[in-house]
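Here's a quick tour of a protein model, with the sheet up front and a few points about packing after that. Have a look at the structure first.

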Amino acid sequence: MPPPVSADRPPAGHSESTPFGQVGRAEWGLLTDEADWSVELYRILGLDPSAPALTLDELPALVHEEDRPRLTAMVTGCLVDARPIDGEFRVRRPDDSVRTVHMRGEPVLGTDGGAVSMWAVIRDMSELRPHGRSVGPAAGPPPARRPPLQAPPTLDLAAHHMPGTPPVTAAADWCDVLELPDGAALLSVGALTGPDPATLLGAVHGLALANTPPSRLLAVLDQLGTTTSLRGAVCCHYEPQNRTFTWARSGRPVPLLFRDGTGRRTAAPDDPPPGADAPYGQAELTLRPGDLLLLHTERLGETDVERLLGLGPRLSTARTARECVRLLAGELGAGQDGDACVLVVRVSG
């Protein structure tokens, strides 16, 4: 079967201009040979976004012949030895223009320790390499991996990332889902700032596995004293047995709830009383089968949120979270001030 079309690709004929610094993402499933690319990656590579994403075997055909051994070595090291990818290479677009891109990524390991998929973030570096030259691996740690969206079977999940207009900001909006041993799930979105996001996200996962409630989890993150922070965050715990959704926030965003074709903002948590052990309030909501939650980062403004709430009737007819993401992507597009991220959570049972 051909690879699936990414949920955030634009329709055929969409503008394919490539501003400097644009960032795309890709994921390759090694067991199914499926590939999923963001629309930004199609723009960087100058490809038709209505076409299937290239598999890892097909990707070298786009790479400058001098740089193919470098790409092969990076991918092999990633898949065989679980080494992060961090390096540059040149690509030759269909119009015969050459772009220099920087690729960072990591493997996603299965229960047996073998790689089951690979993710990558690819940035257009052409304006910094005016003569079409690429350089070797860059210094510094790779960005934190966005894990596969895995949660209880009663939830249908999909995410969409919208990079902002240049210049690229220091913060990167991010979302995460972690299935917990008792069948519950941690869902979170926010803006990561700092040089070591992997450490912070590791702390988030560790606290969640220790059954730390969302309000206390955010408070502990404030006390870590690391050089990386998660700001404008929404942190949620979902219990599938009774469909209880418990959440806290540090910043402005609140989850949006779509029920019976109507969208609304969920009620924000009350401030904790003086002397409480957490500076953040916590709210609880009982969901129903068919409900849809939309978690978003704070770079979506009030106008964007109002537009999303107006999609209630259309979202109610969508059969999957992926279809919901397509609607959201078509409504929002790109170009906001900085990255933005949305996570769609559809209660299927």
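In this predicted model, five strands make an open sheet in the order S2-S1-S5-S4-S3, and the pairing is antiparallel. Strands S2 (34-37) and S3 (85-92) sit at the edges, each with pairing on one side only. On average, neighbouring strands of the sheet are turned by 25° against each other, direction ignored.

Zoom in on S1 and S5: they run antiparallel and are joined by 7 bridges. Within that pairing, Arg-25 stands opposite Val-121 in S5.

Here are the strands with their residue ranges:

| Strand | Residues |
|---|---|
| S1 | 23-29 |
| S2 | 34-37 |
| S3 | 85-92 |
| S4 | 98-109 |
| S5 | 115-124 |

Now for what packs on the sheet. Helix H2 (residues 68-81) lies across S3, S4 and S5, and runs at about 145° to S3.

There's a bit of empty space inside, too: the structure has 1 cavity of 30 Å³ or more, and the largest cavity has a volume of about 50 Å³. Its lining is made up of Trp-28, Trp-37, Leu-41, Leu-45, Leu-59, Phe-89, Val-91 and Ile-122. Helix H1 (39-45) and S3 are the elements that give two or more residues to this lining. What about its chemistry? By class, the lining has 8 nonpolar residues, with no polar and no charged ones.

Last stop, helix H4 (residues 214-223). H4 is mostly covered, with 7 of its 10 residues buried. The buried ones are Pro-214, Ser-215, Leu-217, Leu-218, Ala-219, Val-220 and Leu-221.

How values were computed
Residues are numbered from 1 along each chain as its sequence is written. This is a predicted model: local features need pLDDT of at least 70, side-chain atom pairs count only at pLDDT 80 or more; totals for chains, interfaces and linings use all residues. Side-chain values use heavy atoms; hydrogens and water are left out. Buried means under 20% relative accessible area, exposed over 50%, partly exposed in between (1.4 Å probe, protein chains only). Helices (H or I, at least four residues) and strands (E, at least two) are DSSP runs, numbered from the N terminus. Two strands pair if DSSP finds at least two bridges between them. Axes are lines fitted to C-alpha atoms, for helices over the stretch in contact, and angles run from 0 to 180 degrees between N-to-C directions. Contact means heavy atoms within 4.5 Å. On a 1 Å grid over the protein atoms alone, a cavity is a set of points where a 1.4 Å probe fits but cannot get out, and a pocket is an open set with protein on both sides within 12 Å along at least five of seven lines; lining residues have an atom within 4 Å of a point. Grid points are joined across faces, edges and corners, and a volume is the space filled by probe spheres set on the points. Ala, Val, Leu, Ile, Met, Phe, Trp, Tyr, Cys and Pro count as nonpolar, Asp, Glu, Lys and Arg as charged, and the others, Gly among them, as polar.
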